[in-house]
Amino acid sequence: MRLLSLSQETDIELMVSAAGSVVLLHKGPLARVYDWAQYDSEQRAVYLVTQDGDIQDLGLTIFDPVANRLHNTREVIIICINEKNEPEEPVFLKFTGMAG
């Protein structure tokens, strides 16, 4: 099932280093647990996928400079920023590579 984009549910920030390391910051707890992430080059979007197969788009357009870096990505680090504006323990997701 397609879900509303994550950016519609909470404030998010996606950071991708030149080496392809990906960090996703979000405010407050997430509504679901994700099993992996992937990039769809045709839709120019990163998706988070649950164990049940639900798919959630981040709601961010991925532009060429960032998309090129995703070729080296193997995992996504998700970090919740709590109400005290402090980071919580990170969650690591497998990045399945390019789709589309």
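Is Val 23 buried, partly exposed or exposed? In this predicted model, Val 23 counts as partly exposed, because its relative accessibility is 22% and the buried class stops at under 20%. Val 23 belongs to strand E2, which covers residues 22-27. Setting aside neighbours within four places in sequence, Val 23 makes contact with Glu 13, Leu 14 and Met 15, and also with Ile 77 and Ile 79. Those last two sit in strand E6, which runs over residues 75-81. Glu 75 is 52 residues away from Val 23 along the chain, yet 9.0 Å is what separates their C-alpha atoms.

Now for the overall picture. The protein has 2 helices and 7 strands, and reading along the sequence gives the pattern α-β-β-β-β-β-α-β-β. The radius of gyration comes out at 13 Å, close to the 13 Å that the globule rule gives for 100 residues, so the protein is as compact as a globular protein of that length. Taken along the principal axes, the box filled by the C-alpha atoms is roughly 35 × 30 × 20 Å. Of the 100 residues in the protein, 39% are buried. About 6000 Å² of surface is exposed, and carbon and sulfur atoms supply 50% of that area. As for contacts with a separation of 6 or more, 50% of them join residues that are 24 or more positions apart.

Next comes the question of empty space. Rolling a probe the size of a water molecule over the atoms shows where such space is left. Here, the largest pocket has a volume of about 180 Å³. One part of its lining is made up of His 26, Leu 30, Arg 32, Val 33 and Tyr 34; the rest consists of Ile 78, Ile 79, Cys 80, Glu 88, Glu 89 and Val 91. Sorted by class, that makes 7 nonpolar, 1 polar and 3 charged residues. Strand E6 gives the most to this lining, with 3 residues. Ile 79 turns up twice in this account: it lines the largest pocket, and it is also among the residues that Val 23 touches.

Back towards the start of the chain, Ser 5 sits in the segment before helix H1 (6-9). Ser 5 is buried, because its relative accessible area is 12% and the cut-off for that class is under 20%. Leaving out residues up to four places away in sequence, Ser 5 touches a run made of Gln 56, Asp 57, Leu 58 and Gly 59. Arg 32, one of the residues lining the largest pocket, is 27 residues from Ser 5 in sequence and 12 Å from it in space, C-alpha to C-alpha.

Two loop residues round things off, each with a backbone angle worth a look. Arg 44 is in the loop between strand E3 (36-40) and strand E4 (45-49). Its phi is near 55 degrees, which is a positive value in a residue other than glycine. Arg 44 has 27% relative accessibility and so counts as partly exposed. Asn 85 lies in another stretch, the loop between E6 and strand E7 (91-99). Phi of Asn 85 is near 65 degrees, again a positive value in a residue other than glycine. With 53% relative accessibility, Asn 85 counts as exposed, since that class begins at over 50%.

Note on methods. Residues numbered from 1 in each chain as written. Predicted model: local features only at pLDDT ≥ 70, side-chain atom pairs only at ≥ 80, totals over all residues. Heavy atoms only, no water. 1 Å grid on protein atoms, 1.4 Å probe; cavity = no way out; pocket = protein on both sides within 12 Å on 5 of 7 lines; lining within 4 Å. Points joined across faces, edges and corners; volume = space filled by probe spheres on them. Helix = DSSP H or I, 4+ residues; strand = E, 2+ residues; numbered from the N terminus. Nonpolar A, V, L, I, M, F, W, Y, C, P; charged D, E, K, R; others polar. Rg over C-alpha atoms; globule rule 2.2 N^0.38 Å. Buried < 20%, exposed > 50% of the residue type's maximum accessible area, 1.4 Å probe, protein only. Contact = heavy atoms within 4.5 Å. Areas by Shrake-Rupley, 256 points an atom, 1.4 Å probe, with all protein chains shown as cover.
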